[in-house]
Amino acid sequence: MSPKALDYESINEKVKKVQYAVRGELYLRASELQKEGKKIIFTNVGNPHALGQKPLSFPRQVVALCQAPFLLDDPNVGLIFPADAIAKAKHYLSLTSGGLGAYSDSRGIPGVRKEVAEFIKRRDGYPSDPELIFLTDGASKGVQQILNTIIRGEGDGVLVPVPQYPLYSATIALFGGSLIPYYLEETENWGLNVNNLSQAVTQARYKGIAVRAMVIINPGNPTGQCLSEANLRQILRFCFQENLVLLGDEVYQQNIYQDERPFISAKKVLMDMGPPISREVQLVSFHTVSKGYWGECGQRGGYFEMTNIPPKTVDEIYKVASISLSPNVPAQILMGLMVNPPKPGDISYEQFIRESKGILESLRRRARLMTDGFNNCRNVVCNFTEGAMYSFPQLRLPPRAIEAAKKDGKVPDVFYCLKLLEATGISTVPGSGFGQKEGVFHLRTTILPAEEDMPEIMVQFQKVQ
Ligand code: DCS
């Protein structure tokens with residue numbers, strides 16, 4: 001009998017080709033060890049609540065009321081919920097057509113998209129059109145929707161930073177496109193060199209690949225660098241010259257741990273550059289409720305904003321989004337709250353500021369503790385985490401470790417991370433999962449373990465050296 005369509009040998013080869021290291025071999029081994037009773041610290045995923053970060057009170061109060069609207073009719077509701085949370089819940093319920101149990105428009109609730117547009121305008125100083133903003137189930141879904149629209153087949157290339165977050169490599173593989181790497185400069189704090197970009201494009205075109213888009217991750221994952229305004233200008237000019245769509249992954253825009261390079265959006269820099277570039281370069285920017293001091297990864301809320309994308313293309317993206325009917329509605333409300341949080345004078349303002357500042361300041365200290373801890377290890381060098389949630393130290397593995405890995409049939413950094421896991425229970429991701437230069441090895445860990453556990457974790461890292 002011929003194989004059935006879902007027999008392994010006959011399924012879509014592109015599915016088999018996909019690799020996603022953040023939940024790969026290391027994660028699977030860590031889960032096994034956990035089942036056997038070993039205490040595991042999961043620093044493989046940027047999943048703050050899983051490592052003890054508390055949700056912010058105000059947004060959860062609002063969403064709780066939206067989920068259980070009958071509480072709004074309870075005469076005691078005001079004893080449990082602050083009046084501004086009650087008012088906000090009523091506001092969001094009034095924007096839905098039937099509450100959280102009803103599908104929304106496939107682009108998201110219009111009133112929330114308007115709040116996102118107002119946030120972007122406040123942030124950048126330029127108008128933003130709610131019609132060009134789509135709400136999504138996390139930023140991942142948005143990235144997939146856009147890459148799906150761009151990639152027509154193997155001959156289409158997308159420039160991706162290396163090291164990169166494997167959402168990009170995996171999605172490009174799944175859609176059958178070609179990933180064109182451009183290497184970030186580790187010795188320049190993971191900066192982006194435009195000459196590397198030109199070289200990457202020239203080489204790809206020589207191979208007959210139509211390079212159509214470029215991805216930037218700012219702040220970087222796994223590399224943690226923040227792009228300067230000058231660098232963003234160079235990138236946008238390059239996209240203009242080379243006729244590339246820019247995908248601006250800005251999910252870590254709240255996670256900044258230094259003052260020299262505050263976050264600046266690609267949209268703002270594009271608009272600052274003026275015509276013709278500001279009218280020509282096609283840009284799609286992504287954001288999420290999963291990161292920042294929100295860390296609401298499980299809620300799956302995101303948005304993307306399109307700039308200079310023709311209405312007919314927007315309609316096609318809308319049509320394809322409609323196949324999934326509606327993004328997750330509770331997360332849309334969280335997104336509304338994220339872009340429109342309590343204001344000075346509101347009852348919940350002070351508590352909101354106290355909680356959010358507390359998380360961000362602790363992350364800043366943890367970024368420092370981790371970088372310093374790695375740089376105190378023998379045979380490790382590590383750039384400072386300027387932003388995002390990760391540390392990406394380089395491991396100077398001795399030849400005998402590389403030999404031992406080879407004997408075991410493993411990539412050396414996978415071998416090292418497995419050893420680290422067995423010895424300490426710390427579950428990291430090998431650098432090879434993100435891409436790195438030939439012969440250089442890294443690991444990625446999040447900076448998310450509780451601050452009080454951090455010194456002990458760094459001692460554990462030092463022991464394995
Ligand atoms: N873009 C980047 C750069 C990310 O790091 C992530 C998540 C996403 C997009 C997608 O986020 P959401 O779909 O949740 O909005 N980062 C993963 C990571 O590297 N560790 O944890 C999750």
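**A walk through a predicted structure**

Leu132 is partly exposed, with a relative accessible area of 23%. Keep in mind as you look for this residue that the model is a predicted one. You will find Leu132 in the loop that runs between helix α6 (110–124) and strand β2 (133–136). Follow the chain onward and you can pick out Pro311, which is 179 residues away from Leu132 in sequence, yet the C-alpha atoms of the two are separated by 8.8 Å. Setting aside neighbours within four places in sequence, Leu132 is in contact with Phe304, Glu305, Met306 and Val314.

From this loop, let us turn to the interior. In soluble globular proteins, nonpolar side chains tend to be buried together. The largest nonpolar core in this model holds 136 residues, and Leu159, Leu192, Met214, Ile216 and Phe461 are the ones with the most contacts inside it. Helix α14 (residues 329–339) gives this core its largest share, 7 residues. Two domains feed into the core as well: domain 1 (8–52 + 353–463) and domain 2 (99–339) each supply at least three residues.

Try zooming in on Leu159. Which residues does Leu159 touch, leaving aside its neighbours within four places in sequence? Its contacts are Ile180, Tyr182, Leu197, Ala200, Val201, Val211, Ala213, Met214, Val215, Phe238 and Leu244. One of these, Met214, is also among the residues with the most contacts inside the core.

Now for the cysteines. How many disulfides does the model have? The count comes to 0. Why is Cys377 not bonded to Cys382? The closest cysteine sulfur to that of Cys377 is the one in Cys382, and at 9.3 Å it is too far for a bond, because a disulfide needs the two sulfur atoms to be within 2.5 Å. Seen from the other side, Cys382 is in no disulfide either, and its nearest cysteine sulfur is that of Cys377. Are these two cysteines buried or exposed? Cys377 is buried, with a relative accessible area of 6%, and Cys382 also counts as buried, at 9%.

Our last stop is the ligand. Around it are 18 residues, and the closest are Ser140, Asp249, Tyr252, Thr288 and Ser290. Look at Ser140 in particular: an N or O atom in its side chain is 2.5 Å from an oxygen atom of the ligand. With Ala139, a backbone N or O atom lies 2.6 Å from a ligand oxygen atom. Gly46 also brings a backbone N or O atom to 2.8 Å from an oxygen atom of the ligand.

Terms used. Residues are numbered from 1 along each chain as its sequence is written. This is a predicted model: local features need pLDDT of at least 70, side-chain atom pairs count only at pLDDT 80 or more; totals for chains, interfaces and linings use all residues. Side-chain values use heavy atoms; hydrogens and water are left out. A nonpolar core is a set of buried Ala, Val, Leu, Ile, Met, Phe, Trp, Tyr and Cys residues joined through side-chain atoms within 4.5 Å. Buried means under 20% relative accessible area, exposed over 50%, partly exposed in between (1.4 Å probe, protein chains only). Helices (H or I, at least four residues) and strands (E, at least two) are DSSP runs, numbered from the N terminus. Domain bounds come from an automatic or database domain assignment. Contact means heavy atoms within 4.5 Å. A residue is near a molecule or strand if one of its heavy atoms lies within 4 Å of it. A polar contact is a pair of N or O atoms within 3.5 Å; within protein, one must be able to donate a hydrogen and the other to accept it, and residues adjacent in sequence count only if both atoms are side-chain atoms.
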